[in-house]
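Biologist: Could you take me through one part of this model slowly? I'd like a close look at chain C, from how it is built inside to how it meets the other chains.

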Amino acid sequence: MSVLEIHNLTAGYGDAAILRGVSVTVNNGELVTVIGPNGSGKSTLMKTILGLLTPTDGQILFANESIVGDSPETIVRKGISYVPQSSNVFPSLTITENLEMGAFLRQGDCRPRISEILDLFPDLRGKEKEAAGRLSGGQRQMLALARALMLDPNLLLLDEPTAGLAPMMIASVFERIKEINNAGIAIMLVEQNAKDALTISDRAYVLAAGQNQLEGKGEELLHDREVARLYLGG
Amino acid sequence: MIDLLGIVDYGVGWAVVAGIYAVLTLGLNVHWGFTGLFNIGIAGFFAIGAYTSALLTTSPPNPVLFEDFVFGGDLPSRLGVLNLGIDTWFLFALLAAATACGIIALAIGFLTIRLKEDYLAITTLGIAETIRLVFLNEGWLANGSRGLYNIPKYLGGLVHPAHYNYLYLIIVLLVLGCLYIAVTRAINSPWGRVLRAIREDEMTAQASGKNVVLFKLQAFVVGASIMGVGGALYAHNIRFVSPITFDPLMATFVIWAMLMVGGSGNNKGAILGSFIVWGIWAGTQFLPGFLSDPNIRLLMIGVLIVGVMSFKPGGILGEERRFSNRVT
Amino acid sequence: MITRLSVLVAVLALAVLAMTSVIKLELVVNGLVMGSIIALGAMGLTLLYGNLKFAHIAHGDFMTIAAYLVLFVISVPLSNLGLTAIGLGPFTFGYPLLIALPFAVLIAAFAAVLLDIGVYRRLRNRGSSTVVMAMASLGVAIALRGLVQITWGGDIQQYPRLSKLFFKLPMDVRIPPDALFIAGVALVVTISLHLLLTKTKIGKAMRATADNVDLARVTGINTELVILWTWVIGAGLAAVAGVLLAVFQAQLLPIMGWKFLIPLFSAVILGGIGNPYGAFLGAMIVGVSAEVATQWINPSYKPVIAFAILIAVLLIRPRGIFGVRD
């Protein structure tokens, strides 16, 4: 059963098409990674799914319903959460307030939910009143992830969650991502750290120049010679 | 029985003012239309131009009449010696007005031209207000709130006072024409192309090695000088200047409306807009009932600006088609 | 940290100078009262700047129209109902002003919402630059002033008032009796704003949107709703400021709000755009500086002092005291 189906998506900024007929599927509970060189359209893909960009052609189906043309708020309400690559927390808000904003669409008291989420991210406990802008890079990434989980999404889109982090933090973040996936949330991951990402993925796609190049199980692509040469550093 | 001559007389008087405003709008076009400088302190340059010309040409102060100011240039009589068959003092007065504005624009621009557009707007507002306060409070400068009157007529002796407006209209149109040609030449020159490139995309222009700040400063000075000429023309038309003459409505907002309506970025548009808006302005006098309330004009100008921004930001003529988009 | 320290040092220095009579304490006190009026306007203006991302040039005229609306409510409906009392307690005005004030605030907020829906939203959706939005607000400012002048004319007006003696405080300080009311209202409103921004969902959403509007959208925050609330609060604050200004100056003029733009923008930029706490502090600095300067400079030049502060901030530290680097 597919959670997200993208068929032949074409999108870009102005006249330049960055995505030129991309197709990706994410099934229930899967962890799917999209890798590829810079400029291949990975980030653009995410932004188009989220409704921040309007595609010029192609389909995007979420739970078998088209979401092309929906506003970001509507898409979030329907059950997709997104963590952008950078500027992904509200710096002048505290950790608690950031999480509260994650639950904006929910009525009622969100404190129990915040407590649940903080259990998953022990690094953030004890710092609830601190302004997000003061946190370290790794802590901010955790907060961004935590915020995205507040609404209990069906699908989580993560745009380069480990960019700019120290190696130890990277491992920690991937652990968290795997844990979240194990709890049943489908995840689509866009990553530069291809090797680590493929290791935890069920399936993966390789994108280049705005088009699909390869597709397969995470394990397979991890040991594929082409992929290793081009994207995993030999 | 319609007094045809009276109507024509009125029309000429109207055209004189419209022409003067056209000069001011040309100046604003250099600032905003071509360089993207958001100047809402036009009144300041308007005043400086008018006062400079007035001070240079008015007779020295007469203490008996409680005239506080210190300097009266009395140019007409002093330059009588230089009469080359025709009075030259007017030209000097205009040049002086332009120069004074240019120098002040240089000083202000030096400090502020680097600012982002909306900061620049507030800054120009403050500068205009400061200029107004200085003229109001420093009586020694220009007679404070009493103002300068009896500003001499140019070539007054040439025609009967009743027909002077016709002569002045010719003068104003001549000045307007010269400035129009000069500005259009400048805009189509390599210098002008850089300005337009800066307005389109400042960062790209910067990246191609152009000293953006210098160009903006030059445009600021040029536009201000033109506004100064407009001020001087105004002073010699009304022949009385005081700080109240340059209130925000008549000396800033109406000029913005003129540029917006006619088409910013377009010299012809600037002139067209001036005549149209001034036509509407004068025309409202003849509307029935409450519509002829002068305060209606404020409302009208405001709605006009909002309307143009909302529906036709390019104005009537839109931007002038350019010959080349490249930055040389 | 350094700037906050220097502000503290400056305040202490000011206190010392006032106590030793180098500066007249009365000027400082008057400056604080004026500062609290500026603060109400500036906090609204900075919130609009932070969330709507443009310089709201019509902010001053919102102050003006609210002041005149109160005049109308006092002079017409309340007067017809026989409610004409003046001289409430130690103040010059009567309780009708207190009744009229909330009406003016509501109408101002409503007008702001209408303007957003009718004008600014259209420009926003078109992707208009911040200058185009500012220019549209210039048009709104002019139109508002036109409305005021058409309806009430250009002469000086006043709220019905009963002259009261100035309060005499120690150290030669004489303050107008209404000053306490003004400071009190400003304090209550400021605290309410603080509570709104820190304890309510929409307040936090406003702060989040000011931080990063794209992130707010993908978080699921209804940014259009946040924008409408920002207008309501911004216009409401401006309305209160306008009425207090009319009380303090004991006069209403159509140009009163427009003239206030420079001190407002000075306070906003000094405090750091988008930061209401910075705007509050900036307003106090501008208010006190302008008053204290009159000890040596012609009082007519007070607006120039505010302007000088603005220029100084833009040249030395454009992000202001609490601002983040752009």
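Modeller: Here is a walk through chain C, starting with confidence, then one helix pair, then the neighbours.

Keep in mind that this is a predicted model. For the complex, the predictor gives an ipTM of 0.88 and a pTM of 0.89. Chain C itself averages a pLDDT of 90, and 98% of its residues score at least 70. The weak spot in chain C is helix α1 (residues 2-19), where confidence is lowest at a mean of 76, while α10(C) is where confidence is highest, at 96. As a rule of thumb, where pLDDT is low, the predicted coordinates should not be read in detail.

Now the overall build. Chain C has 14 helices and 2 strands. Its C-alpha trace spans about 55 × 55 × 35 Å along the principal axes. A compact globule of 326 residues would have a radius of gyration near 20 Å, and chain C has 20 Å, so the two agree.

For the inside view, let's stay with α10(C), the helix with the highest confidence in the chain. Two packed helices are described by the angle between their axes and the distance between the axes. Helix α3 (residues 59-75) and helix α10 (residues 223-249) of chain C have axes that come within 7 Å and cross at roughly 60 degrees. That angle is why α3(C) counts as oblique to α10(C). The crossing of α3(C) and α10(C) is right-handed. On the α3(C) side, the contact is made by C:His59, C:Phe62, C:Met63, C:Thr64, C:Ala66, C:Ala67 and C:Val70. Facing them from α10(C) are C:Ala235, C:Ala238, C:Ala239, C:Ala241, C:Gly242, C:Val243, C:Leu245 and C:Ala246. Sorted by type, the residues of this contact come to 12 nonpolar, 3 polar and no charged.

Next, the neighbours. There are 2 pairs of chains in contact, and chains B and C share the most contacts. In that pairing, 31 residues of chain B touch 35 residues of chain C. Seen from chain B, the elements giving two or more residues to this side are α5 (117-137), α11 (248-262) and α13 (294-311). Of the chain B side, the largest share comes from α5(B), with 12 residues. The chain B side divides into 20 nonpolar, 7 polar and 4 charged residues.

Then there is chain A. Here 13 residues of chain C meet 21 residues of chain A. On the chain C side, α8 (201-211) and α9 (213-219) each supply at least two residues. The most comes from α8(C), with 5 residues. By type, the chain C side that touches chain A divides into 5 nonpolar, 4 polar and 4 charged.

As for chain A on its own, it has 9 helices and 10 strands. The C-alpha trace of chain A spans about 45 × 40 × 35 Å along its principal axes. With 234 residues, a compact globule would have a radius of gyration near 17 Å, and chain A has 17 Å, so that agrees too.

And what about chains A and B? No contact joins them, and their closest C-alpha atoms lie 16 Å apart. Chain C, by contrast, is in contact with chain B and with chain A.

Terms used
Residues numbered from 1 in each chain as written. Chains lettered and ligands numbered in written order. Predicted model: local features only at pLDDT ≥ 70, side-chain atom pairs only at ≥ 80, totals over all residues. Contact = placed C-beta atoms within 7 Å. Helix = DSSP H or I, 4+ residues; strand = E, 2+ residues; numbered from the N terminus. Nonpolar A, V, L, I, M, F, W, Y, C, P; charged D, E, K, R; others polar. Axes fitted to C-alpha atoms, helices over the stretch in contact; angles between N-to-C directions. Parallel < 35°, antiparallel > 145°, perpendicular 65-115°, else oblique. Left-handed = near helix turned anticlockwise from the far one by under 90°. pLDDT = per-residue confidence, 0-100. Rg over C-alpha atoms; globule rule 2.2 N^0.38 Å.
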